[in-house]
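Here's a walk through some of the packing and polar contacts in this model. Have the coordinates open and follow along.

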Amino acid sequence: MENQALRAQLEEMEDVLDAIRNGRVDALVIPGPEKDQIYTLKGANQSYRVMIETMNEGAVVLSREGTVLYCNRRFAEMLDLPMETIIGGLAANLVDPADRDVFKALRERIFQEETVKSEFWFLTVERTKVPVLLSMRRFSQEDLDAVCIVVTDLTDLKETEYQLKEYAEELHRQNAELNRRANQLNSLAAELTMAEHLERRRLANILHDNLQQLLVSARLGLETLEARIPDNSWQTLKNVISVLNESLEVSRSLSIELSPPVLQQGGLIQAIEWLVRWNKEKNGLAVTLVDHGTGAIPMREETKVFLFSAIRELLLNVIKHARAMSVRVDVYPPSPSENDQITIRVSDSGSGFDPARLNNEAHEQISGFGLFSIRERVQLLGGQFEITSAPGQGTSVTLSSPIYGAVETDDVDQMMKKKWTGDISNPPVSAGIEKEKTGANIEVMLVDDHEVMRQGLSMLLAGYTDIIIVGEAPNGEEAVRMARELDPDVILMDISMPKMNGIEATRIIHTERPNIRIIGLSMFDAADQAQAIRQAGAVAYLNKTGNKAELLSTIRNAQGIDPGG
């Protein structure tokens, strides 16, 4: 009997627990020492209710139709509305009109998905917009099908984002200004380089176009007096001519050092090759040039001029300070990773130095193109500069500069680079047909842009009966036209002239009339110029400062020399 009673009590307790689990019990009555106590099941959720009411997020429960069934105090505070005004109303009325369609679609979507998050603008009682993040989740229990929403106020976050955006815009403006100023410095550095180069050109042109031409003309004039002056006075005249020749050589050397013609007429590699030869002849410095495939890469004129000037200064530093008798110059072409930058490395095995000295301006001679100046200009041009050196361990200087992918710009010497655009495909009918000559006289045409030079040559050659001056031309274009008309035996052709240079004029004349022998003339004793005009069709190349006997011999023997030989 006792076991049956216990079994019955156990079954009763299990029924009670099952009823509690399934929500069929609203309250429990617990006997106490003085009186019975009643505990409602709602009291079990009190801690959760307190948490929802006091949390810093808004909490809202909506019916399937969008009616607000519940909201906590924090949500009411966000909108500055009484809770009783919110509860029972439509949630859509609390949303900014621009967002209501999206809100409605999202609310309907929640019944197909478990969770949805999105940002909206809610309206306060004063119709002020409040940015919020809604986290929605469906809630279903018995006959209740609702939407539970956690509302996060994004006002502070949006203000922070707005400030960050303002800071970003200000930073962008400052970066743009810095880039603008950097570009200005870049342009100024390039302009400074070109200004120095053009000033060198101007001085070199003054020497070439004025002083040297006058000296040559004076010497030619004196040489014409040879047959008229007694033998006892000829030595004095020779001494004067010797002084003129020395003056010409000094002027010519200074002109070349100021502005080598190859720097204007050729590319960077050709200019460095000239610099290598010049250093060997003038300073005894053996320079090995290694071109790693730059070829004829087009670059801006100021880039070429700057790199040439920098290399020249670095080689001069080797002579002055490193006490090394051999140097290596490596030229590397741009690669995609280097952003179109050409790289130059000048290395020697000399005495070396501490590169930290460059960081102290007091230790540097910063005028001209010293190391400090080279570094600053490279950086202003958007390039890089690096020195590897130590006392007793030699020096390696690496510099790079953008080439900008542009062809050389027009400047003072552009006239020397222009190619003849005239029509040589249809030369005169007589082209290539040697005219009948009378007698043994040699008909000579003079081509030079300096009138005083033409006059000097004319005076000198006029003293020889076997030579006849048949015409004079001041530039290459006129030389081509007059060669077609006069068909002379020999043309004395200056190289550096306006409108069309002597090399291009030689090429055209030789193509049309290969019987004409052309002798190139220049103030510059440059191997590259000599090679260029010979390749164009000239039979010889003479320096204007050369002696009279060499000029006469070349004119008289020109017919026996193969063009281009």
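A polar atom of the Asn72 side chain sits 2.9 Å from the backbone nitrogen of Ala59. The side chain of Asn72 also has a polar atom 3.0 Å from the backbone oxygen of Ile52. Both are polar contacts, meaning pairs of N or O atoms within 3.5 Å; within protein, one must be able to donate a hydrogen and the other to accept it, and residues adjacent in sequence count only if both atoms are side-chain atoms. Asn72 lies in the loop between strand S4 (68–71) and helix H3 (73–79), and with a relative accessible area of 0% it is buried. Buried here means under 20% relative accessible area, exposed over 50%, and partly exposed in between (1.4 Å probe, protein chains only). Leaving aside residues up to four places away in sequence, Asn72 touches Ile52, Glu53, Met55, Glu57, Gly58, Ala59 and Met83, where contact means heavy atoms within 4.5 Å.

Before going on, a word on ground rules: this is a predicted model, local features need pLDDT of at least 70, side-chain atom pairs count only at pLDDT 80 or more, and totals for chains, interfaces and linings use all residues. Residues are numbered from 1 along each chain as its sequence is written, and side-chain values use heavy atoms, with hydrogens and water left out. Helices (H or I, at least four residues) and strands (E, at least two) are DSSP runs, numbered from the N terminus.

Now the sheet. Five strands make an open, antiparallel sheet in the order S4-S3-S7-S6-S5; two strands pair if DSSP finds at least two bridges between them. S4 and strand S5 (115–123) are at the edges with a single partner strand each, so one side of each has no neighbour in the sheet. From one strand to the next, the twist averages 30°. Helix H5 (residues 100–109) packs on the sheet and touches strand S3 (58–63), S5 and S6, its direction making about 150° with that of S5. For such angles, axes are lines fitted to C-alpha atoms, for helices over the stretch in contact, and angles run from 0 to 180 degrees between N-to-C directions. Strand S6 (residues 129–141) and strand S7 (residues 144–153) pair in the antiparallel sense over 10 bridges, with Phe139 opposite Ala146 in S7.

How many salt bridges does the structure hold? There are 16, each a side-chain nitrogen of Lys or Arg within 4 Å of a carboxyl oxygen of Asp or Glu. Among them are these:

| Pair | N to O distance | Separation in sequence |
|---|---|---|
| Arg64 and Asp145 | 2.6 Å | 81 residues |
| Asp96 and Lys129 | 3.7 Å | 33 residues |
| Asp487 and Arg513 | 3.8 Å | 26 residues |

Arg64, Arg138 and Asp145 are linked in a salt-bridge network. Arg64 is partly exposed, at 39% relative accessible area. Asp96 counts as buried at 8% relative accessibility, whereas Lys129 is partly exposed at 47%. Asp487 and Arg513 are both buried.

Two helices round things off. In helix H11 (residues 371–380), seven of the 10 residues are buried, including Phe372, Arg375 and Arg377. Helix H12 (residues 451–461) buries Met453, Arg454, Gly456, Leu457, Leu460 and Leu461. Seen down the axis of H12, these buried residues fall within an arc of 160°, so they line one face of the helix; the arc is that of the directions from the helix axis to the C-beta atoms.
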